[in-house]
Amino acid sequence: MKSDVSVIIPNYNGEKFIANCLDSIMVQSFYEFGRLEIIVVDDCSTDTSVEIIKTYKNVTLIENPVNAGFDRSVNQGILASNGKYCLLLNNDVVVDPDFVRYLYLHIDDDQGIFSVSSKMIRYYERDKLDDTGDFYNILGWGYKRGDGQSVAAYHNASPIFSACAGAAIYRHAVLTEIGLFDEAFFAYMEDIDIGYRGLIYGYKNCYEPKAICYHIGSATTAEGQKYSPFKVQISARNNIYVAYKNMPLLQLLVNSPFLVVGFIVKYVLFLKRGFGKDYAAGIKAGLKNYKKVEKVPFKAKNLKNYFLIEFQLILNVFRMIENKRMK
């Protein structure tokens, strides 16, 4: 029987978190009026994650022989799902009982919506936000709106650049149309990439403040820390990928001076934090391997969308400044 929503949870060594995540899904109010399937894709965990997951009878488990990355796991889950909507959830997230219902009601209300991002709150600091939608700007910087701000902020639904794939719902039909997550990214920035792609095709990405969850953050890739050599390097590489993949040649040439400035400033910032070499290595890898990602084909019918996106890229610089000021 076809499901209304397919919850897809990628897992790697999440024995400390996965039970809490699954328990919160099991008590969703959505079960009262919709069909929900749960799929966990395990990336060859070496801890007791798989044994824990197998204790849940209503969970479909896909076990991978190797860790091929977040994006490969998410795509496996999407391809195995039968829901009208795919709800992606990190294993270090715990959701409120009405979480699925509010995401479903929002995306189901408008056929033009591709994704809806939730109100993510810091797991260990419940008075602070973690993410209320992701933004990307002309400097090539992706950032989390609301990170570190009061939970009282961002209480209205609003358009965003892209949803945070750690806790967001996507329209399955649009994923089929524009393509799944780019596995060349492995992890990080892939949600901005797919949100960008949705905008190019004329769809909307939105934020739903009533869908609340609690996120530990970087639990398996950076041991809960904001930065790690792996995270900094791969994110820097993927910043190159996002710009190259989604911007037509003319737009890329116009924006290149701003992108170069953005990357230089980021290098200086990471140099001060002790991750300068990692960031530089990531940029170098991106410039060397950018052809591994397939550019979004330019279509004249999307020209209006490119202009709207360019306006957003500029505006998002000022939004980023305001976002930092509000912390």
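Buried means under 20% relative accessible area, exposed over 50%, and partly exposed in between, with a 1.4 Å probe and protein chains only. At 0% relative accessibility, Ser118 therefore counts as buried. The model is predicted, so local features need pLDDT of at least 70 and side-chain atom pairs count only at pLDDT 80 or more, while totals for chains, interfaces and linings use all residues. Residues are numbered from 1 along each chain as its sequence is written, and side-chain values use heavy atoms, with hydrogens and water left out.

**Strand S6**

Ser118 sits in strand S6. Helices (H or I, at least four residues) and strands (E, at least two) are DSSP runs, numbered from the N terminus. The Ser118 side chain reaches the backbone oxygen of Ala167 at 2.8 Å. That is a polar contact: a pair of N or O atoms within 3.5 Å; within protein, one must be able to donate a hydrogen and the other to accept it, and residues adjacent in sequence count only if both atoms are side-chain atoms. Contact in general means heavy atoms within 4.5 Å. Leaving aside neighbours within four places in sequence, Ser118 is in contact with residues including Phe99, Leu103, Asp131, Tyr207 and Cys213.

Met120 belongs to S6 (residues 113-122). Beyond residues up to four places away in sequence, Met120 touches Leu129, Asp130, Asp131, Cys164, Gly166, Ala167, Cys213 and His215. Met120 and Phe161 are 41 residues apart in sequence and 16 Å apart in space, C-alpha to C-alpha.

**Buried residues compared**

| Residue | Place | Relative accessibility |
|---|---|---|
| Met120 | strand S6 | 0% |
| Ser24 | helix H1 (residues 18-26) | 6% |
| Tyr188 | loop between helix H5 (172-178) and H6 | 18% |

The side chain of Ser24 has a polar atom 2.7 Å from the backbone oxygen of Cys21. Ser24 also touches Val94 and Val95, not counting residues up to four places away in sequence.

**Nonpolar cores**

A nonpolar core is a set of buried Ala, Val, Leu, Ile, Met, Phe, Trp, Tyr and Cys residues joined through side-chain atoms within 4.5 Å. The largest has 63 residues. Phe114, Tyr136, Phe161, Tyr170, Phe181, Tyr196 and Leu313 touch the most other members. Helix H7 (residues 229-246) gives the most to this core, with eight residues. Apart from it lies another core, of 33 residues, among them Leu22, Val59, Tyr85 and Leu103.

Phe161 contacts residues of both H6 and H10. Leaving aside neighbours within four places in sequence, its partners include Tyr136, Ile192, Tyr196, Leu199, Ile309, Gln312 and Leu313.

**Helices H6 and H10**The axes of H6 (residues 190-200) and H10 (residues 303-325) come within 8 Å and cross at roughly 135°. Axes are lines fitted to C-alpha atoms, for helices over the stretch in contact, and angles run from 0 to 180 degrees between N-to-C directions. Angles under 35 degrees count as roughly parallel, over 145 as roughly antiparallel, 65 to 115 as roughly perpendicular and the rest as oblique. H6 and H10 are therefore oblique to each other. Tyr196, Leu199 and Ile200 in H6 meet Asn305, Tyr306, Ile309, Gln312 and Leu313 in H10. By class, this contact has six nonpolar, two polar and no charged residues. Here Ala, Val, Leu, Ile, Met, Phe, Trp, Tyr, Cys and Pro count as nonpolar, Asp, Glu, Lys and Arg as charged, and the others, Gly among them, as polar.

**Positive phi**

Tyr154 has phi near 55°, a positive value in a residue other than glycine. Tyr154 lies in the loop between strand S9 (142-144) and strand S10 (158-160). Tyr188 is not a glycine either, and has a positive phi of about 75°.
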